[in-house]
Amino acid sequence: AELKAALEEARDARRKAVRDFEAKQVELKDKVREYQRAKAEFDLMMEEARRMAKGCEAAKANFEEFFAKEREKEAKLSATGKAAVAEFEKAKRVVENLKGEEADLKAALKEARDASAKAGR
């Protein structure tokens, strides 16, 4: 009877060990599924991040191209402005020279009139 009781106890212990093992196995399978789901989400997020990075690189390239064109326009405008200022300065000197010549001509005209008036007397 003691042997029978010991045998039954051993069977119960074995059944409990099997149940515990199966419960652990289910728990581990759940954890594996959870890990796989989380990894799939992570992979999707990484792919999205890569796409966003490519988009950012493209946008950066577009901005750099835009700003290069703007700098080029600014340089052309600056050169045009400098040329316009130089033309203005040149025209200003011409006007000043013409004013000087006008004064000389008026003086010569006055002298000629004075000489003509003296000769006419």
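The following exchange goes through the terms applied to this predicted model and the values behind them.

Student: What makes the chain more spread out than a compact globule?

Tutor: Start with the secondary structure, which comes to one helix and zero strands. The radius of gyration of the chain is 51 Å, and the globule rule gives 14 Å for 121 residues. The value is well over the rule, so the chain is more spread out than a compact globule. Along the principal axes, the C-alpha atoms fill a box of roughly 175 × 20 × 10 Å.

Student: What percentage of the 121 residues is buried?

Tutor: Buried residues make up 0% of the chain. The label needs a relative accessible area under 20%. The chain exposes about 11500 Å², and carbon and sulfur atoms supply 61% of that area.

Student: Why is the pair of Phe63 and Phe67 called stacked?

Tutor: A search of the whole structure finds two aromatic pairs. In the pair of Phe63 and Phe67, the ring centres are 6.3 Å apart and the planes make an angle of 20°. Pairing requires centres within 6.5 Å, and stacking requires planes under 30 degrees apart, so this pair counts as stacked.

Student: How are Phe63 and Phe67 placed in helix α1?

Tutor: Helix α1 covers residues 2–120, and Phe63 and Phe67 are four residues apart in it. Because of that spacing, about one helical turn separates Phe63 from Phe67.

Student: Why is Phe66 with Phe67 called edge-to-face?

Tutor: The centres of Phe66 and Phe67 lie 5.3 Å apart, with 65° between the planes. Edge-to-face applies to planes over 60 degrees apart, so the pair of Phe66 and Phe67 gets that name. Phe63, Phe66 and Phe67 form one aromatic cluster.

Student: Which label does each of these rings get, exposed or partly exposed?

Tutor: Exposed means over 50% relative accessible area, and partly exposed runs from there down to the 20% limit for buried. Phe63 has 52%, so Phe63 counts as exposed. Phe67 has 43% and is therefore partly exposed. Phe66, with 44%, is partly exposed.

Student: How do you know that Glu8 and Arg15 form a salt bridge?

Tutor: The closest N and O atoms of Glu8 and Arg15 are 3.9 Å apart. The limit is 4 Å, so the contact qualifies. Glu8 is partly exposed at 36% relative accessibility, and Arg15 is partly exposed at 38%.

Student: What makes the contact of Arg15 with Asp12 a salt bridge?

Tutor: The N to O distance between the side chains of Arg15 and Asp12 is 2.8 Å. That lies within 4 Å, so the contact of Arg15 with Asp12 is counted. Arg15 and Asp12 are three residues apart in helix α1, which means about one helical turn lies between them. Asp12 is partly exposed, with a relative accessible area of 40%. Glu8, Arg11, Asp12 and Arg15 are linked in a network of salt bridges.

Student: Why is the contact between Glu65 and Lys69 called a salt bridge?

Tutor: The side chains of Glu65 and Lys69 meet at 3.3 Å, N to O. This distance is within 4 Å, so the name applies. Both residues lie in helix α1, four residues apart, about one turn of the helix. At 43% relative accessibility, Glu65 is partly exposed; Lys69, at 49%, is partly exposed.

Student: How many salt bridges does the structure hold, and how far apart are the mean positions of the charges?

Tutor: The structure holds 16 salt bridges. The chain has 30 positive and 27 negative charges, and their mean positions are 2 Å apart.

Definitions and conventions:
Residues numbered from 1 in each chain as written. Predicted model: local features only at pLDDT ≥ 70, side-chain atom pairs only at ≥ 80, totals over all residues. Heavy atoms only, no water. Phe/Tyr/Trp six-rings, centres within 6.5 Å; stacked < 30°, edge-to-face > 60°. Helix = DSSP H or I, 4+ residues; strand = E, 2+ residues; numbered from the N terminus. Buried < 20%, exposed > 50% of the residue type's maximum accessible area, 1.4 Å probe, protein only. Rg over C-alpha atoms; globule rule 2.2 N^0.38 Å. Areas by Shrake-Rupley, 256 points an atom, 1.4 Å probe, with all protein chains shown as cover. Lys, Arg positive; Asp, Glu negative; His and termini not counted. Charge placed at Lys NZ, Arg CZ, Asp CG, Glu CD.
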